[in-house]
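Work through the exercises below with the sequence and the 3D view at hand, and try each task before reading its solution.

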Amino acid sequence: MEAYKERMVKEYWELHERAVKLGIMLENWANGELDFEPTCPYDLLQSQLCAMDIYLNILKRRAEIENIDLGVFDKRETK
């Protein structure tokens, strides 16, 4: 796979992982289940998650257009 395609796959899966973690944190916050007090307002973090989701969808669409198989990212490949 060409280097730029590999970078795009890596970027997609790293962003996906961060978005999932932020979504879980926001869900736990909404349920009163956090073990810490966030310094950022909930609404700001919710906006960040929305922006991440939009970017993920852009990357998915671009991958479709450029025939890039996002597949399942193997983190071991980058170490």
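**Exercise 1.** Does Ile 54 count as buried or exposed, and why?

*Solution.* Keep in mind throughout that this is a predicted model. Begin by finding the residue, since Ile 54 has its place in helix 2, which covers residues 42-65. Next take its relative accessibility, which is 54%, and set this value beside the cut-off for exposed residues, which is over 50%. Ile 54 therefore counts as exposed. As a last step, look at the surface around this residue, where Ile 54, Tyr 55 and Ile 58 form a nonpolar patch whose accessible area comes to about 290 Å² together.

**Exercise 2.** Why is the pair of Tyr 12 and Trp 13 edge-to-face?

*Solution.* Start with the count, which comes to two aromatic pairs. In the pair of Tyr 12 and Trp 13, the ring centres are 5.0 Å apart and the planes stand at 90 degrees, so the pair is edge-to-face; the cut-off that this step needs is an angle over 60 degrees. Tyr 12 is buried, because its relative accessible area is 5%, and buried means under 20%.

**Exercise 3.** Which parts of the chain does the pair of Trp 29 and Tyr 42 link?

*Solution.* First describe the pair: Trp 29 and Tyr 42 are edge-to-face, with 5.2 Å from centre to centre and 75 degrees between the planes. Then place each residue, with Trp 29 in helix 1 (residues 3-30) and Tyr 42 in helix 2, so that the pair links distant parts of the chain, 13 residues apart. Finally, consider accessibility: Trp 29 counts as partly exposed at 23%, and Tyr 42 counts as partly exposed at 28%.

Conventions: Residues are numbered from 1 along each chain as its sequence is written. This is a predicted model: local features need pLDDT of at least 70, side-chain atom pairs count only at pLDDT 80 or more; totals for chains, interfaces and linings use all residues. Side-chain values use heavy atoms; hydrogens and water are left out. Patches are made of residues with over 30% relative accessible area and no salt bridge: like charges are joined within 9 Å, nonpolar side chains (Val, Leu, Ile, Met, Phe, Trp, Tyr) within 5 Å. Accessible areas come from the Shrake-Rupley method with a 1.4 Å probe; for residues, only the protein chains shown count as cover. A salt bridge is a side-chain nitrogen of Lys or Arg within 4 Å of a carboxyl oxygen of Asp or Glu. Helices (H or I, at least four residues) and strands (E, at least two) are DSSP runs, numbered from the N terminus. Buried means under 20% relative accessible area, exposed over 50%, partly exposed in between (1.4 Å probe, protein chains only). Rings of Phe, Tyr and Trp (its six-membered ring) pair if their centres lie within 6.5 Å; planes under 30 degrees apart count as stacked, over 60 as edge-to-face and the rest as tilted.
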